[in-house]
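Biologist: I should like a close look at a single part of this model, namely its nonpolar interior and the helices that pack there. Please set out what can be read from the coordinates in one connected account.

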Amino acid sequence: MKKTLWAALLFCLPWTAPAQRKGNMSEMEQSMRKLSMAQLAISSLYVDSVDEVKLTEDAINGMLSKLDPHSSYTNAEETKKMNEPLQGNFDGIGVQFNMLEDTLVVIQPVAKGPSEKVGILAGDRIVSVNDTAIAGVKMSREEIMRRLRGPRDTKVKLGVVRNGIKDRLEFIVTRDKIPVSTVDAAFMVTPTVGLIRLSSFGSTSHDEVKKAVKDLQDQGMKDLILDLQQNGGGYMDAATGIASEFLPKNDLIVYTKGLRTPYKEFRAQGPGLFREGRIIVLVDEYSASASEIVTGAIQDQDRGLVVGRRTFGKGLVQKPFVLPDGSMIRLTVARYYTPSGRCIQKPYTMGDKMKYNMDVIERYNHGELTNADSIHFPDSLKYKTLRKGRTVYGGGGIMPDYFIPLDTARYTKFHRELTAKGAIVNADLKFIDKYRKKIRRGYASFDKFKTGFETPQELIDLVLAEGEKAGVKPKDEEELQKTLPELKLQMKALIARDIWDMSEYFAVMYEENPFVKKALELLEQ
């Protein structure tokens with residue numbers, strides 16, 4: 001009855017609206033009233049039942065879709081998943097794992113984590129969770145993770161199969177906070193050059209980078225390669241904090257301004273852990289947002305050089321608005337500008353996300369990713385660095401000082417298909433399962449492994465066999481021979497990861513990396 005009365009009122013309102021508009025209603029109030037009336041009409045009179053929650057979410061998404069490409073809405077579950085990688089931890093059992101066919105294989109238990117504490121080892125197969133089988137039942141990876149994760153201090157019973165032990169083992173694991181590291185790798189490339197690879201800018205990234213810098217300095221680091229390739233960004237505070245470690249106190253890092261957001265500067269706080277040594281920043285077309293803040297500050301302040309390809313060009317500042325149900329609107333409120341005044345954001349058309357999302361493909365089609373001569377900037381986009389007066393360019397993204405072309409021929413089609421079909425991962429897991437102890441005994445340190453280990457033919461044969469099972473074969477002998485060098489390097493890196501960690505993986509993979517090679521060349525000059 002109440003809905004009927006409201007509906008009747010609803011259809012009377014349009015007749016009185018003009019008079020009210022001339023009265024005391026603002027355009028904002030009129031818009032809100034109009035939206036409420038539409039929702040009331042649908043919920044009261046629509047011919048079929050509707051999901052009012054979804055209708056509301058669709059309305060929010062509809063409004064945001066007409067704005068810039070980075071204003072967005074996420075429901076409560078999406079918001080939690082989006083924030084988790086940046087928050088520095090999650091609740092779980094603490095293992096790195098991969099799927100061998102349909103069985104979860106532990107790559108490494110997290111050091112001092114809940115699984116390591118109860119005795120779970122690398123190579124163990126987790127086959128059941130709370131007496132429910134997760135192996136051999138085609139359970140999705142997402143569902144397995146859902147069962148393993150849970151609130152801190154809750155317990156979970158794991159059924160484990162271990163090589164060399166006939167009976168199935170059972171472990172009761174008490175879930176705990178598991179740290180999420182955003183520093184993928186930190187290692188010495190040469191006796192005096194260190195490298196830090198950062199995957200994103202999370203709540204713990206500043207502290208992680210400071211620790212990595214200190215550790216590398218203790219190992220003799222004089223110069224630093226900061227690897228921000230494929231780093232899509234994250235928290236602005238993390239970016240300004242990290243940049244502060246490399247710049248003199250009070251140096252401008254970035255400033256923001258918008259139509260309704262006042263101009264605001266962010267400056268280096270000092271004293272900074274790494275103020276003297278040289279810095280080379282590595283970037284590519286997927287380095288975005290916070291990555292571009294750090295890169296732009298280092299370039300504009302002439303603190304270091306940039307190597308790679310033009311960055312993504314995400315220079316819009318989003319402010320989060322958390323709604324009562326845990327959902328969130330991330331609304332663009334300002335733009336980022338580098339110290340020289342360059343706007344980081346690349347051009348876009350309001351409401352046209354499709355064209356915006358195709359930008360990297362368009363760069364490839366135009367030749368920008370493979371040939372520096374394909375990149376042209378008008379004089380209006382030229383800026384000067386603040387100390388040496390070098391020419392840098394605006395127009396969206398950060399253009400590197402030294403260009404590294406995309407090597408489209410580095411990985412053969414056969415190699416890409418082996419990766420896509422899981423043949424490489426499956427072969428690695430089977431090989432390390434068989435030889436883990438032998439490799440540990442044979443190589444007391446990673447340095448000995450790096451210089452002395454060569455990928456055996458047995459492992460290559462295993463990869464080829466896994467590929468054949470998945471229907472992947474080389475086109476001919478020439479393609480096979482062209483694939484082998486990169487494949488052998490990758491397999492060696494995966495074994496290093498399985499025995500040690502991700503720093504060792506990248507230490508192997510970067511032996512032939514053109515970005516790193518160029519950085520070392522510049523540091524030798």
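Modeller: In this predicted model, the largest nonpolar core holds 47 residues. Those with the most contacts inside this core are Ile-225, Leu-282, Ile-439 and Ile-495. Helix α16 gives the most to the core, with ten residues. A second core, separate from the one just described, has 38 residues, among them Met-188, Ala-212, Met-221 and Ile-344. In soluble globular proteins, nonpolar side chains tend to be buried together.

Ile-495 is a suitable place to begin. Leaving aside residues up to four places away in sequence, Ile-495 touches Asp-428, Phe-431, Ile-432, Ile-439, Phe-449, Phe-453 and Leu-459. Ile-439, one of these partners, is itself listed among the residues with the most contacts inside the largest core. Ile-495 also takes part in the contact between helices α15 and α16.

Helix α15 spans residues 457-469, and its axis comes within 10 Å of that of α16, the two crossing at roughly 110°. An angle of 65 to 115 degrees counts as roughly perpendicular, and α15 is therefore roughly perpendicular to α16. On the α15 side, the contact is made by Leu-459, Ile-460, Val-463 and Leu-464. On the α16 side, Leu-480, Leu-484, Leu-487, Lys-488, Met-491 and Ile-495 contribute. By class, the residues of this contact divide into nine nonpolar, no polar and one charged. An α-helix has 3.6 residues a turn, so residues three or four places apart point the same way.

The packing of α16 with α17 has another geometry. Helix α16 covers residues 477-499 and helix α17 residues 502-509; their axes are 7 Å apart, at an angle of about 160°. Because angles over 145 degrees count as roughly antiparallel, α16 is described as roughly antiparallel to α17. The crossing of these two helices is right-handed. From α16, the contact draws on Leu-489, Gln-490, Lys-492, Ala-493, Leu-494, Ala-496 and Arg-497. From α17, Met-502, Glu-504, Tyr-505, Val-508 and Met-509 take part. Sorted by class, the contact of α16 with α17 comprises eight nonpolar, one polar and three charged residues.

Helix α17 also deserves attention on its own account. Seven of its eight residues are buried, so α17 is largely enclosed by the rest of the structure. The buried residues are Ser-503, Glu-504, Tyr-505, Phe-506, Ala-507, Val-508 and Met-509. These buried residues pack against strands β10 (183-188) and β11 (193-198), as well as helices α14 (446-452) and α16. Glu-504 is thus both buried and a participant in the contact with α16.

A further buried position is found in helix α13, residues 423-442, where Asn-426 lies. Asn-426 has a relative accessible area of 13% and is buried. Apart from residues up to four places away in sequence, Asn-426 touches Met-99, Leu-100, Glu-101 and Glu-466.

Some details of the loops complete the picture. Most residues other than glycine have a negative phi, and most peptide bonds are trans. A cis peptide bond joins Gly-270 and Pro-271, with omega about -5°, and Pro-271 sits in the loop between β14 (264-267) and β15 (279-283). Asp-302, although not a glycine, has a positive phi of about 55°. Asp-302 is placed in the loop between α9 (290-300) and β16 (305-308), and counts as buried at 15% relative accessibility. Asp-131 likewise is not a glycine and has a positive phi, of about 70°. Asp-131 lies in the loop between β5 (125-129) and β6 (132-133), where Asp-131 is exposed, with a relative accessible area of 54%.

As for the setting of these parts, the protein chain has 18 helices and 21 strands. Of its 525 residues, 47% count as buried. Among contacts between residues at least 6 apart in sequence, 70% join residues at least 24 apart. The C-alpha atoms fill a box of roughly 90 × 65 × 50 Å, taken along the principal axes.

Terms used. Residues are numbered from 1 along each chain as its sequence is written. This is a predicted model: local features need pLDDT of at least 70, side-chain atom pairs count only at pLDDT 80 or more; totals for chains, interfaces and linings use all residues. Side-chain values use heavy atoms; hydrogens and water are left out. Axes are lines fitted to C-alpha atoms, for helices over the stretch in contact, and angles run from 0 to 180 degrees between N-to-C directions. Helices (H or I, at least four residues) and strands (E, at least two) are DSSP runs, numbered from the N terminus. Angles under 35 degrees count as roughly parallel, over 145 as roughly antiparallel, 65 to 115 as roughly perpendicular and the rest as oblique. A crossing is left-handed if the near helix is turned anticlockwise from the far one by less than a right angle, and right-handed if clockwise. Contact means heavy atoms within 4.5 Å. Ala, Val, Leu, Ile, Met, Phe, Trp, Tyr, Cys and Pro count as nonpolar, Asp, Glu, Lys and Arg as charged, and the others, Gly among them, as polar. Buried means under 20% relative accessible area, exposed over 50%, partly exposed in between (1.4 Å probe, protein chains only). A nonpolar core is a set of buried Ala, Val, Leu, Ile, Met, Phe, Trp, Tyr and Cys residues joined through side-chain atoms within 4.5 Å.
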